[in-house]
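Dear colleague,

Please find below the structure that I am handing over to you. A summary of what was found in it follows directly after.

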Amino acid sequence: MERKLIFLKKYLYISLFAILGVLCASLIHGIVEILYIQLLLADFGRYGLGLSWGVWIYIHNILAIGLWVLGLVLGFYFGRYWWQVMYVRHDYIWRKERRRWLAKYFD
């Protein structure tokens, strides 16, 4: 029973990291899009690179999907990495002890 719970916890942990990756990718996409659209609206001839609005929409769709997939993949790999650090290797315990030692001698 406990093995199933650990598997479920690991699956949920990694899935939530993947969702976090997609959310971060969406945030980055939104910021870049807002900034570049402001440039395009200010001077389309200069910043449009000779492309029409239809081509820009096509580029937007491809890059948006690519960025979301990249966020999903990076979130998955970061989730696996931090699962190992937090629940398998327990590296965070050493960091807590080091902070206590630093606080003891340097505060």
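A search of the whole structure, which is a predicted model, finds seven aromatic pairs. One of these is formed by Phe-44 and Trp-53, whose rings are stacked. Their centres are 5.0 Å apart, and the angle between the planes is 20 degrees. The pair counts as stacked because planes under 30 degrees apart are classed in that way. Neither ring belongs to a buried residue: Phe-44 is partly exposed, with a relative accessible area of 28%, and Trp-53 is also partly exposed, at 42%. Elsewhere, Tyr-13, Phe-17 and Trp-83 come together as one aromatic cluster.

With regard to the overall architecture, the protein contains four helices and zero strands. Its pattern along the sequence is accordingly written α-α-α-α. The protein has 107 residues, of which 13% are buried. Its exposed area is about 8,900 Å², and carbon and sulfur atoms supply 71% of that area. Among the contacts with a separation of 6 or more, 60% are between residues 24 or more positions apart.

Two further places may be of interest to you.

The first concerns His-29, which is located in helix 1, a helix that covers residues 2-42. Is His-29 buried or exposed? The relative accessibility of His-29 is 16%, so this residue counts as buried, the limit being under 20%. The side chain of His-29 is joined to that of His-60 by a polar contact of 3.3 Å. Apart from neighbours within four places in sequence, His-29 is in contact with His-60, Ala-64 and Leu-67. His-60 therefore appears both in the list of contacts of His-29 and as its partner in the polar contact.

The second concerns the surface. Which residues make the nonpolar surface patch of about 570 Å²? The patch is made by Ile-65, Trp-68, Val-69, Val-73, Phe-76 and Tyr-77. One of these residues, Val-69, is placed in helix 3, which covers residues 53-89. Val-69 is partly exposed, with a relative accessible area of 46%. Val-69 can belong to the patch because that value of 46% lies over the 30% that membership requires.

To recapitulate, the points to look for when you open the model are the stacked pair of Phe-44 and Trp-53, the polar contact between His-29 and His-60, and the nonpolar patch that includes Val-69.

Yours sincerely,

A colleague

Conventions: Residues are numbered from 1 along each chain as its sequence is written. This is a predicted model: local features need pLDDT of at least 70, side-chain atom pairs count only at pLDDT 80 or more; totals for chains, interfaces and linings use all residues. Side-chain values use heavy atoms; hydrogens and water are left out. Patches are made of residues with over 30% relative accessible area and no salt bridge: like charges are joined within 9 Å, nonpolar side chains (Val, Leu, Ile, Met, Phe, Trp, Tyr) within 5 Å. Accessible areas come from the Shrake-Rupley method with a 1.4 Å probe; for residues, only the protein chains shown count as cover. A salt bridge is a side-chain nitrogen of Lys or Arg within 4 Å of a carboxyl oxygen of Asp or Glu. Helices (H or I, at least four residues) and strands (E, at least two) are DSSP runs, numbered from the N terminus. Buried means under 20% relative accessible area, exposed over 50%, partly exposed in between (1.4 Å probe, protein chains only). Rings of Phe, Tyr and Trp (its six-membered ring) pair if their centres lie within 6.5 Å; planes under 30 degrees apart count as stacked, over 60 as edge-to-face and the rest as tilted. Contact means heavy atoms within 4.5 Å. A polar contact is a pair of N or O atoms within 3.5 Å; within protein, one must be able to donate a hydrogen and the other to accept it, and residues adjacent in sequence count only if both atoms are side-chain atoms.
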